[in-house]
Amino acid sequence: MAVNATNHPYFPRSLVLPNYVPNDMSMIGLLSMFFSFIAVLMGITWMYTAGKFTKLERCILCWFVSCGIIHTFLEGHFSLFHATMLERQDFLAQMWKEYGKADSRYLISDNFTVVMESITAWIEGPLSFITVLAFLRNSPYRYVFQIILSLGQLYGATLYFLLEAREGFPHGPYRHPLYFWFYFVFLNTLWIVIPLLLIYQAACKLGKAQELADGTSIQKKSK
C-alpha cells in the first residue's frame, strides 16, 4: 500500500514520492541475500580458475564476474524499471529502494542516473563477461578489454561522485555511517580504486608487449 507522499525515509525530506511503497524485506535480509549471492559466484569463479591462472588473475576474474552480474542484472533492472521502482516489491526493486536511502536520485528517474546506469548495464555488463571469456581463452585482446571496461567504470563512478558533490550531497543523509559512508562512499569507491589498479596493470602488460614487438622489429631490420 502506498504511503503519504512525503512520509518516506529519503532525502531531501521535502521530496514528494506519491507512489512509494515501503519494502517488506528488512535491510539485513536484503543485504545478506545479495552479498551471499555475489560471494557464491566469486567462490565458484575462484574454484573454476584454480590451477589455470595466478592468484592475482583469479582475483581479477572474480571481480569481472561480479561486475558482469551487478551491471547486467541489478543495474539493468534499474534501467528498465526506474519509472515504477517506488511501487515495485520484487527483490531487485527493494534493493534499489534500500540504496535510495543513500541516493534518492535512483527513485526519481534522475536523467544522469538513468543514462549512466543504462550505459553501465547494456555496455559494461556484457563487456565484463566478454573480458572474462577473453581471459579464459587466453585471447591476445584480454588486456585491451580490461582497460576499456575499467576506463568506462572509472569515468562513470567519477562523474557519479562529482555531480552529487557539486550539488552539496542533497540526495542522502550526509555523513551517515551506513547510508553515506558505506552505501554511497565505500561501495562506489570500489569502482574507482579497482579500475585504476586494473588500468595500470593492463597498461603495464600492453607496454611490455609493445616493447617486445618493437625489439623484434628492430632485430628483423638489422638482419
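**Close-up 1. Helices α2 and α4 run roughly antiparallel to each other in this predicted model.** Here is where that description comes from: the axes of helix α2 (residues 55-81) and helix α4 (residues 111-136) cross at roughly 150 degrees, and angles over 145 degrees count as roughly antiparallel. At their approach, the two axes come within 7 Å. The crossing of α2 past α4 is left-handed. Sorted by class, the residues in this contact are 14 nonpolar, eleven polar and three charged.

**Close-up 2. Cys 59 and Cys 62 are not joined by a disulfide.** If you are wondering about these cysteines, the spacing settles it: the closest cysteine sulfur to that of Cys 59 belongs to Cys 62 and lies 6.4 Å away, which is too far for a bond. A disulfide would need the sulfur atoms within 2.5 Å. Seen from the other side, Cys 62 likewise has the sulfur of Cys 59 as its nearest cysteine sulfur and is in no disulfide. Searching the whole structure turns up zero disulfides.

**Close-up 3. How buried or exposed are Cys 59 and Cys 62?** Cys 59 is partly exposed, with 43% relative accessibility. Cys 62, in contrast, is buried, and its relative accessible area is 5%.

**Close-up 4. Helices α3 and α6 mark the two ends of the confidence range among the chain's elements.** Helix α3 (residues 91-99) has the highest mean pLDDT, 98. Helix α6 (residues 177-222) has the lowest, with a mean of 90. For the chain, the mean pLDDT is 94, and 95% of the residues reach 70 or more. As a friendly reminder, predicted coordinates should not be read in detail where pLDDT is low.

Conventions: Residues are numbered from 1 along each chain as its sequence is written. This is a predicted model: local features need pLDDT of at least 70, side-chain atom pairs count only at pLDDT 80 or more; totals for chains, interfaces and linings use all residues. Side-chain values use heavy atoms; hydrogens and water are left out. Buried means under 20% relative accessible area, exposed over 50%, partly exposed in between (1.4 Å probe, protein chains only). pLDDT is the predictor's confidence in each residue, from 0 to 100. Helices (H or I, at least four residues) and strands (E, at least two) are DSSP runs, numbered from the N terminus. Axes are lines fitted to C-alpha atoms, for helices over the stretch in contact, and angles run from 0 to 180 degrees between N-to-C directions. Angles under 35 degrees count as roughly parallel, over 145 as roughly antiparallel, 65 to 115 as roughly perpendicular and the rest as oblique. A crossing is left-handed if the near helix is turned anticlockwise from the far one by less than a right angle, and right-handed if clockwise. Ala, Val, Leu, Ile, Met, Phe, Trp, Tyr, Cys and Pro count as nonpolar, Asp, Glu, Lys and Arg as charged, and the others, Gly among them, as polar.
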